[in-house]
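Thanks for sharing this one; here are some friendly notes to read with the structure open beside you.

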Amino acid sequence: MPDRVAGALARLALVEPALCAFHEVFRPPSLKVDSSLPFAGMPIAVKRGERRSHREALVAMGCVPIGLTTTPDGSTPWQTWGRNSRGVTRNPWNLDRTPGGSSAGSAVAVASGVVPLATGVDGAGSIRIPAAWCGVLGLKTTSAERAAVGVFTRDPSLLATYLGIAETGSPSAVWSADLGFAEVDDEQASIAWQAATALRPRPVSLSLEDPAPDWFAGRCGPNPALDAVFETADLLLTPTTPGPPHGHDGPGSRINTALTWAFNLSGHPAISIPAGFDSCGLPVGLQAVARHGREADLVAAARAVLRNHPIECFGPNPPR
């Protein structure tokens, strides 16, 4: 078994009792690693129920899946958590808070240092929200469908390799704290804005329509207001979430997808980038949205922001 896989399984055994991030852990594989592959021997976690083709593509790049991560089990009306047979999946920064969802376990697996890369599927913010609340990078790729595949990581270089892209120049950016309709906590907006200044964004007065009716009706397609934004800018920057991670009793009346699901309908690629920590010590995310097919600009944005805000990983034992 490759040393990196053995290390990942050892780390998993240490933190999993507290975090409940895995639905299933695979038997340690006995395999020979093709060292010529871009991700040769790299352990990854896979979101339960994810598209098989996405997992197979990563295996073809040399990744070694070590297990399936937790997702919501249908017992509650909200999707911003996960659980397995031992209980709810917990946020590594505060065990009393949710990591977000629905790609809950994948975000936790990366944030807790079990694996350097984990997969997810984002249908309304299901990658970006847990990435924001767990303090890691979470990428949703361009898609003509509402649900798009993507990954979690702490390393922008792994994103570039995953996407097969080269370096790009510094993208131009605009900023909107609320997209014109969302109710966003001042602290979330302030922390995200401070991180966004690494990209020197220009504030814009953007008035999108609340996408909730279109999302529930399954209406996907072009958004003229967004198209107008991307005529003059490479990136649209917002907070990733309107508020901090909620407790395990649920989000109440807050719509945590308020700032994310418009881009599932429009198909634009988007990423949550760690922006810092709030007054309770919980991670805050900065969302960057790019033109269709321009994931390279998202990687460039992540690099620029993380030069000022390096990603942290909690230590040998989860904080309590």
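1. Let me start with the cysteines, keeping in mind throughout that this is a predicted model. Cys 20 is buried, at a relative accessible area of 4%. Cys 134 is buried as well, with a relative accessible area of 1%. How many disulfides does the structure have? The count comes to 0. For Cys 20, the nearest cysteine sulfur belongs to Cys 134 and is 14 Å away, whereas a disulfide would need the two sulfur atoms within 2.5 Å.

2. Strand E8, residues 148–153, is worth a look next. Is this strand enclosed or open to the outside? E8 is largely enclosed by the rest of the structure, because 6 of its 6 residues are buried. In a regular strand the side chains alternate between the two faces of the sheet. Both faces of E8 are covered: one side carries Ala 148, Gly 150 and Phe 152, and the other carries Val 149, Val 151 and Thr 153, all of them buried.

3. Which strands pair with E8? Strand E6 (residues 117–122) runs antiparallel to E8 and is joined to it by 6 bridges. If you want a landmark for that pairing, Val 121 stands opposite Val 149. Strand E7 (residues 137–140) is also antiparallel to E8, with 4 bridges joining the two. Here a handy landmark is Leu 139, whose bridge partner in E8 is Val 151.

4. From E7 you can step on to strand E12, residues 270–277, of whose 8 residues 7 are buried. E7 and E12 pair in the antiparallel sense over 3 bridges, and Lys 140 has Ala 270 as its bridge partner in E12. E12 in turn pairs with strand E13 (residues 283–290), again antiparallel, over 7 bridges. Within that pairing, Ile 273 is matched with Leu 286 in E13. The hairpin of E12 and E13 has 5 residues between the strands, and among them Gly 281 takes a positive phi near 80°.

5. Helix H3 (residues 104–111) deserves a point of its own, since it is mostly covered, with 8 of its 8 residues buried. Small side chains are easy to spot in the list of buried residues, which includes Ala 104, Gly 105, Ser 106 and Ala 107. Val 108, Ala 109, Val 110 and Ala 111 are also on the list. After H3 comes Gly 113, which has a positive phi near 80°.

6. On to the charged pairs. Side chains of opposite charge can pair when their charged atoms come close. The structure holds 9 salt bridges. One of them joins Arg 86 and Glu 16, whose closest N and O atoms are 2.4 Å apart. This pair ties together parts that are 70 residues apart in sequence, because Arg 86 lies in the loop between strand E4 (83–84) and strand E5 (87–88), while Glu 16 is in helix H1 (residues 3–19). Arg 86 counts as partly exposed at 49% relative accessibility, whereas Glu 16 is buried at 7%.

7. A second salt bridge links Arg 51 with Glu 145, with 3.6 Å between the closest N and O atoms. Arg 51 sits in the loop between strand E2 (43–47) and helix H2 (52–60), and Glu 145 in the loop between E7 and E8, so the pair connects parts 94 residues apart in sequence. Arg 51 is partly exposed, with a relative accessible area of 32%.

8. Where do you find a salt bridge with both partners buried? Try Asp 122 and Arg 128, whose side chains meet at 2.9 Å, N to O. Asp 122 counts as buried at 0% relative accessibility, and Arg 128 is buried with a relative accessible area of 0%.

9. Last, the empty space. A search of the whole structure finds 1 cavity of 30 Å³ or more, and the largest cavity has a volume of about 50 Å³. Which helix gives the most to its lining? Helix H10 (residues 295–308) does, with 4 residues. The lining includes Ala 296, Val 299, Ala 300 and Arg 303, together with others such as Ala 160, Ile 165 and Glu 167. By class, the lining has 6 nonpolar, 1 polar and 2 charged residues.

Technical notes:
Residues numbered from 1 in each chain as written. Heavy atoms only, no water. Buried < 20%, exposed > 50% of the residue type's maximum accessible area, 1.4 Å probe, protein only. Pairing = 2+ DSSP bridges. 1 Å grid on protein atoms, 1.4 Å probe; cavity = no way out; pocket = protein on both sides within 12 Å on 5 of 7 lines; lining within 4 Å. Points joined across faces, edges and corners; volume = space filled by probe spheres on them. Nonpolar A, V, L, I, M, F, W, Y, C, P; charged D, E, K, R; others polar. Salt bridge = Lys/Arg side-chain N within 4 Å of Asp/Glu carboxyl O.
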